[in-house]
Structure formats: structure tokens, C-alpha cells
Amino acid sequence: MALLSIRNVFKSYFLHGKRIDVLRAVSLDLEKGELVSLVGASGAGKSTFLHVLGTLDAPAAGEVFFEDRSVFSMNDAEIAEFRNRTIGFVFQSHYLLPEFTALENVAMPALIQRRERAGAYAYARELLERVGLGQRVDHRPGELSGGEAQRVALARALVLKPAILLADEPTGNLDPATGEGIHQLLRDVNRELGITAVVVTHNETLARSMPRRLRLAGGQVTEA
Amino acid sequence: MGLLGFILLGVAISGAGAWAEVSTALGLSLVGWGGLLQVIDGATLLPVQAAAGEAPPVLHLGFLLSGVLVWLGGWALIAHGIRRAPESTVGASPAAGATLYPRLARYRDFYWSTLGAYGGGILLAELVLVLLQTVLSSGVPSTELGAARDAGGGLTLPPTGAFAISLVAAAMVAFVSGFIGASRAQRLALPEATIGVFYLGLPVPILLTLMERIPSLQLQLGYRLREVTYVAGLLGRPELAYWLTFTGLVLALVLGINTGFIAAGSGRVDLKLGFELFVARRHVAVFRPSLLLGTLAVLMFGIIPPLLVYFIIRAAEAAVERTRIRSLGLSDPLASSEALHRLKLREQSPTMMMTALSVGGVGVGVMALIIVLSVMSGFEADLQKKILGTNAHAVVSRYAGDLPEYAKVMETIRKVPGIAGQTPFIINQVMIASEGNVDGVIIKGIDPATVGEVTDLPQNILGGGSLDILYTPEKILSRAMPEEDDAPAKGGAEDSGDDIIRRAGKPTKPAVLPGIVIGRELAASLRVVVGDRVNVVSPLGTELGPTGPIPKSRAFRVAAVFYSGMYEYDSKFVYILLKEAQDFFNIQGATGIELKVFDIDDARRIAGQVVKALGGYPYRARDWGEMNKNLFSALRLEKLVMGIILSIIIVVAAGLIVATVIMLVLEKRKEISVLKALGVSDGGIVKIFLAEGLQIGVAGGLLGLFSGLAWCVFIEKVGIKLDPEVYYIPALPVRIEPLQTVLAVVIAVLVTYLASIYPALKASSVEPVEGLKAE
């Protein structure tokens, strides 16, 4: 049984009033613990594909199954909860909430789940130490450097130990050295926690270093 | 598209509703809903038709038919107006035939059960209101013809109390049905709500309004609904009361719908707020001491003085800071640039400014509402005190004729619980003449022994006089005749402190005349003082002369002067002994009995109890509210209208809140998307932004409450002088009524809640993908 299956998914977006079919009858299985890279030209729909995987966007047709359960058949609250528990996102930009400290940002998914605060903060602190930011817990995002903020974002994605980590060009805005640090973290996380990770990237070297490689072109996903 | 169509439909239905009302006015009544109802089940509606029987055009076949046609035509117009998605001109897409994404596939626009919940809810709420009120206050015999009804145990609450309880119960019913309907449908379901309110909610208030106009309807229903109409009549304009109440119930329904949608819209009932408040508090930091104190200062002292103080403080602060940074920079330029950077960080965002403005706006509204209503209550209380000081709380009399057996009646009344005192009286209208002037007055025969139990007359006598002097007219010191005025002034010179109550020095006047007590203003206009002689002339003489009845005249001596504080009373009332009045007007016994009750708000019920104890007809009792109905209903109406007008300030402030929260939503689009990606449901987002609006409302409401009360206390303690010539009252009266004050704050919070709904829904509809794309 695949962890996440995509069946016959169609998705289009609209540019200047024209429909662009970025996903055409895409079907794919992701197994538990896989580390997958996804490459493709700009505008090929990599982000859209990732959003559909992460239920942030609904497909026009087709279904997404998580452990054989149809994700888009659930109601809004269930989908939100699914996103909260099962999926961790890392974006190209860190997207931390500016009003909250690094610690609060990391603990946010746990707080959304209405976990008890002290416990959430304790685990968040541990995670921040793990990504090397033990000294920066009480800083707001505005006071962090790009690499630090991205590490906070990664810690936030992992705080609830999700089954799937979706990373959308997580190092796109970083210099190669800092980026390599993030990549290393991603690999460690995948290995240590057994989290299935899908990493969208333009970095061919990085893509080649992943055990499974996907390419999105012409609305089709192919193994590369 | 379907949803859009139905929203359009909902909007257009209001058009149809307007049609219905216009047609009602045109005599084609019941076109909107009645036409359909009558066609579908005219048979079951026979009672209503019978009730409306006096309005034949309604039942006329032609009118009925044209009504139905107009009704159908209206709907056809609406159906025609619905915009449809254009047909696709391109061929089938590659996805043709694939399974539609399941949530869209299951989509439904219209739920009959929700329509039932909304429409049934509003109708049920109206019925609960009417029935509960009747049940709660039944046992209060009103004054209509017919014997007193059996109280039969039952709850007998004062009418206003019963109304308040029933209103709360009805509002709860409306709220709960809205909640259930919306949480079942998991959406706002505006079309269902509109149809429900129009077709099921409107008939009752329309019926009640028509009842005032159509006599036959009144004959049919008036008796059963008398408790409802009584309370509505307290306002003077019953229709206004009906429609206000109806609006209130609809508001409760709307609140219920929104709350239900927010709590359960995303699939399950979730009333927890901890996380949402946590986020909302960071977004709008309303409860910061500087913001609260600043707004409070503006509310208390106006805009200019606090602003001046603020600028002075800021200027001083900036000067000190800049000097510090400069000296820092002289030794280490980098340190100074860092300090400058920090200074910049402290600057406030425009949203903060908007927030402060909104808080201030709500605060001003609540403050104005509290102050104005408290002053109006002060006037009302003052008036009530003066009226009740001079008049009784209730008067028992016969429907016709006098009350010869008043002693026996008083014996019976004494046993009724809640009666604080009673006194017999005779009332009549006469002319009063002094040497200087003539005036028409109301003369009252009183029993000095008991009158003090009921009115404040004994306390109102000026110069420490007593009513007992009426019993001993020979002791009334008569004033010397004007021509003798110069000589004997020595006797009265010592204690002639008061012009009016001067004790004349010459007790030589032989004629002993019965005493009369007159008001201060009357004494001034008649130019008489204590001891002067006045003539009372009754036009209704018993003797017949050649030209008809001869007016009867009798001389009295002014025994005392009273001051009630009410110009009308001080210039129009005179009092004599009951016995003198009996002789003068040739009345057996008394005109009636004045009662004082312990709880004036309960006067109506106790009056009813008294009539019951007396065995009903021919006795009747009228309470003070009924006797002064026009005055008090005018006051209440004035207060209500004032309240509505001042609430407009709050509505304007609510507009500010809408703008503020929309700005917040626009500012936080990215954050909303991130929160959604992290697993906050749509309902959670709505809650966050509602909480933000509500924070502003609560802060503004509390500030307004605080400053309003402070102003009231200031007015009460320090006082604002009034010209007594105009107002007959020395200073602006204030009475803080807790219920009314709390209501002002509650209204403000409710209005801000309603105002935040739209931006909050906007916030929840931000697509996560959109916000994350916008870099």
C-alpha cells in the first residue's frame, strides 16, 4: 500500500485568460520513507503539483489517496486537520509569521492542534536546537538571517512529525553553502524520522543525489 | 455559478418582498405570500380569512388572481435575471469523463431543512414571544369591559418584566434555530434565510400592524393579544414596537446563523477559541495600556487637550533621544546607526492607527449613548417622582358615578397585598378667584389624616406648615385687609422671612372660613398669601336660575401653600377637606380612592388585584402609567428614537471596524495562507478575524462605558445648572440605569461582531495558493 497515491489528476491554471493544463491525468505512488526530487522547467506546474499533493489546492478532477483514504472527499475541517498532522511544508521563502518569535512559529502547528503550550514549546525548543538555532528562540523572523529563517521554517514543518514533507525549492533564495546545510538537514530528517520527502528543485546536482527522481513536463510526471 | 444565482435570487427576493409590501399598501394585500398561501390551502386558512373578512377586496377573486399573477410574475422576473454561465465553445478538454473532484460533485445549493430551520425558527420565536408573554402576564385584568378574569394561579408578572423574559426566550429560539440551520448546512445559506424570514417571519408583524388598522381584525384578535398590544402601546406607536421587536428577532436569527456557520462551517462544531485569540491578539494589540489610556483621555477630555499633551511628550522624548544618539554617535557612529534603526522599529503601522480610531469610534458611540440616555432617564425619573409625589400610583373608582361606600371599599383594599397606603378623594374643576385674579383649577377634597400615605403633599407644604390646619379653620391666621396693612405690620415683622407665608399680626378677622391649600405658582398668579381669602366657583351649581344652573360660589381662606416642583401641579391644584368638598359638590362619599403601592412598576398588576378583590364591575382601577400614558409613552418613544439615532454613531464606528479588519486581511494575506497551510481550517481563520474585530468592539465598549459613567457621575456630582424658569428643575438630572447602560455596551459589541463577519469571511476565502504565490 502506497503512502500517498495520486490517481488521474487534472489541474489547470489560467494565464491571461488562457487555460494551461499543467497536470493531465497524472498518477503516481509515493512510498513511506522515500526521498524524491522533482524537477521541471519554470511554469511546468511543479508548485501546483506540490500544492495538490499537500491539499492546498484542489484538482479539477481525479483523486488523492492517503493510506487509501480519499483526501478530497473529506470536509474542510478534516482536510485542515490532515494538513496539520500529516503534511509539513517548506517553501522557497520562509513564510514565518512576523508577529511571533521563532519558538512560537515552530510550535504553531502544535498550537493549532490545541496541544498544551508548555509541551509544544519544549519540543519546539528541542527542534530549534537540533537545527542549530538554540540561541535564537526568542527572536522574531525579522531579526533572523535568510538561512536561519529557513531552518526555523523546516523545524516548524517537522514539529508534529508529519508523514510527508513537501519542500518547494527550499534553497532557492539561499547561497550555495547555506543551501547545502538545508539539504543536509532534509536528508537527515528523511533518514532519522522516516519521513517521506518531496523536494522541488532547480539544482540538478541535488536532484541527482536523491534516490528517486521525478520530472514534470507537458503535464506528465515521469521518472528520470 | 449556482451559488451566485441563488445569492442573486436572495437579493431579488427582497425585491419581491418590497412588491408585497407595496401591494399591501395598495389594498392588494397578501400578494407576496398570502396569494400563494391562499391558493395552495385556502381551505385551511379559513380562520385567517374570517379574521380579515372585513377587508373584502382581499378575498375578491379578481384581486386574488391578479395578486397571484403579480407574485408569479415577480419570480419569473427573478428567474429571468439570473446570470448563466456561457456555454463552452471549445471542444472537450482532455479531462472529459474523468471523475469530478468529489467535493464539487457533492455540492448542493439549497437545503429545505435549512429553510425549515430558519423560517420555522423565526416563526417559532414570534409565537414564543406572543404566547409566553400572554402566559406570563395573564392574570392581570386589564381595564376592558367585562368582569375581572380569574387569575387561576398562573404566573403574574408585571407586563414589562414578562415582555423582557419572553423577548429573551424568543431571541434564544431564533438564535438556536439559526445556529442549527447553519451548522447543518455548513454554510450561511442566505437564500434560505431570506425566504424563511420573508415568507414565515413577516406575517406575524404584518398581522399585528394590520390589527391596528382593521377594526374587524382587532375585534377578532385584540382581546387575545391584549398583553402584547399593551406593552407595545407603552411606546405610543405600537407598530414601531412590533417592527423593532421583529428586527431584533431577525438579528438574533442572523447572529445564530453566523455563529453556527463559524462554529460548524468547516465540518464540525468547534467552539474553542484559545489558539485563535492567541493569533488575534498578536495581530491587533488592542489591549495595550498606551492605546487604551490615549483613547480614554480623548473620550474624557475631547480631542485637542490630550493631543497637545501627547505632542509635548513626544517632542520632549524625541529631543532627549536624538541628543542621546548624537552623543553616542560622536564616540561610535555605528552604535548611533543601530539606535536609529531601533527608533524606526518603534514606529506604528497605519493599521495600528486605524485600530485606535475604531476603538475611539465605538467608545464615542457608547459614551454618547450612555450619557444621553442617562440624562433622559434622569428627566423621566424626575418627572415620575414629581407626578407620583402629587398623584397616586393607582386610583380606584366606579365606571360611573361616585363612591358613597368608600369606607367599606377601603376596608377591602387594605387586605390586598402590596398596598402601601390609600386615601379617599373628591376631584372637580372649579374657578378660583382672588381680589387680584381668576384662574381655572382642579380642586381636590382630601383626607389630611391619610393623604400622606399616598402623596407627598404634607411634605410639600412650604414654611413648615401642616395639613391638619384644615381641620381647625379658626386657627388660620387671616391677613389684615389691604387698607389696614400699614398699621399692624409690627406683629408680623419679626418672622416675615417669606413673602407668601407671612403670618399676619392681626388675629382679629371675625369670619371663620374653611381652609384651602394652593400651589406656589397659583398663589403667585392670584397674588395671595396664607390667610388671604379666595372664592371658589363651581359652574355646576345645583340650583336652577332663569338662565340655567346658577354657578355655586364659596369663600375659602388660604391655609397653606405647597410646592411640588412640577409647574402644572403648582399652578393647577388646590386642596380642601373631603367633607367640605362633599358639601360643596353635593357628593356622597368620594370620587374614588387613591392607592400607593410598594413597587411602582407593579402598580398595574396590583390595581388588577384590587379590582378582583372588589369583585370587578362596577369598580375599576387605573394605574399611574395608564393615567399618564401619553406623557410617559412620549418620553419612552423619545428615548427610543434617541437611542436609535445615537446607535448610528456606533454603526458608523462599525464601518470603521469593517475598514480596519479589511485592511488587516489585505495586510495578512500571506499569513492567512501560511496558517491554512499549517492546518488552520476556514472556520479558524474566520474566528481569528472575528476575534480581532470583537477585540476592538469590546475595548471600545468598555472605554465608552467607563467614560460615559465617569461623565454621568461628573454631571451628577458637579452638576450642570439649568435655567429654572425654563426647566423648573435646578440642574441637569442624571439617572444611571444599569440595564440600559449594559445594553449600550452589548449593542456595541453585537454591532462590531456583525461588522467583522464580512471581513472575516473574506479572510477565510483567501486561497492558500494565492497568498503563497504573491512574493
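The following dialogue asks how several descriptions of this predicted two-chain model are justified.

Student: What makes the pair Lys668(B) and Glu99(A) a salt bridge?

Tutor: The side chains of Lys668(B) and Glu99(A) approach to 2.2 Å, N to O, and the criterion asks for a side-chain nitrogen of Lys or Arg within 4 Å of a carboxyl oxygen of Asp or Glu. The pair therefore qualifies as a salt bridge, and the count between chain A and chain B is 1 salt bridge. Polar contacts are counted under their own criterion, and between chain A and chain B there are 4 residue pairs of that kind, with both residues at pLDDT 80 or more.

Student: Which elements of chain A supply the side that touches chain B?

Tutor: Those giving two or more residues are β1 (4–15), β2 (18–30), β4 (61–66), α2 (76–86), α3 (102–112) and α4 (117–130) of chain A, and α2(A) gives the most, with 8 residues. By class, this side of chain A has 22 nonpolar, 8 polar and 14 charged residues.

Student: How many residues make the contact, and what area is buried between chain A and chain B?

Tutor: The contact takes 44 residues from chain A and 44 residues from chain B. Between them the two chains bury about 3,700 Å², of which 59% is on carbon and sulfur atoms. In chain A, the residues that lose the most area to chain B are Asp76(A), Tyr95(A) and Arg114(A), which together account for 20% of what that side buries.

Student: Why is strand β7 of chain A described as largely enclosed?

Tutor: A residue is called buried when its relative accessible area is under 20%, and 5 of the 5 residues of β7(A), residues 164–168, are buried, so the strand is largely enclosed by the rest of the structure. This covers both faces: Ile164(A), Leu166(A) and Asp168(A) point one way, Leu165(A) and Ala167(A) point the other way, and all are buried.

Student: How do you know that β7(A) is paired with β6(A) and with β8(A)?

Tutor: Pairing requires at least two bridges between the strands. Strand β6 (residues 87–90) of chain A and β7(A) have 4 bridges in the parallel sense, and 5 bridges join β7(A) to the parallel strand β8 (residues 196–200) of chain A, so both pairs satisfy the requirement. As for individual partners, Val90(A) is bridged to Ala167(A) in β7(A), while Ile164(A) stands opposite Thr196(A) in β8(A).

Student: What makes α3(A) mostly covered, and which elements do its buried residues pack against?

Tutor: Of its 11 residues, 11 are buried, including Leu103(A), Glu104(A), Met108(A) and Ile112(A). The buried residues pack against α2, α4 and α5 (146–158) of chain A, and also against α14 (274–283) and α29 (669–677) of chain B. Just after α3(A), Arg114(A) takes a positive phi of about 60°.

Student: Why is Tyr563(B) called partly exposed?

Tutor: The relative accessible area of Tyr563(B) is 28%, and the class in between buried and exposed runs from the cut-off of 20% to that of 50%, so Tyr563(B) is partly exposed. Tyr563(B) lies in the loop between β8 (552–562) and α24 (567–572) of chain B. Leaving aside residues up to four places away in sequence, Tyr563(B) touches Asn460(B), Leu462(B), Arg520(B), Asp570(B) and Tyr728(B). With Arg520(B), the C-alpha to C-alpha separation is 5.5 Å, although the two residues are 43 residues apart in sequence.

Key: Residues numbered from 1 in each chain as written. Chains lettered and ligands numbered in written order. Predicted model: local features only at pLDDT ≥ 70, side-chain atom pairs only at ≥ 80, totals over all residues. Heavy atoms only, no water. Contact = heavy atoms within 4.5 Å. Buried area = accessible area lost by both parts, 1.4 Å probe. Polar contact = N/O pair within 3.5 Å; in protein donor to acceptor, adjacent residues only side chain to side chain. Nonpolar A, V, L, I, M, F, W, Y, C, P; charged D, E, K, R; others polar. Buried < 20%, exposed > 50% of the residue type's maximum accessible area, 1.4 Å probe, protein only.
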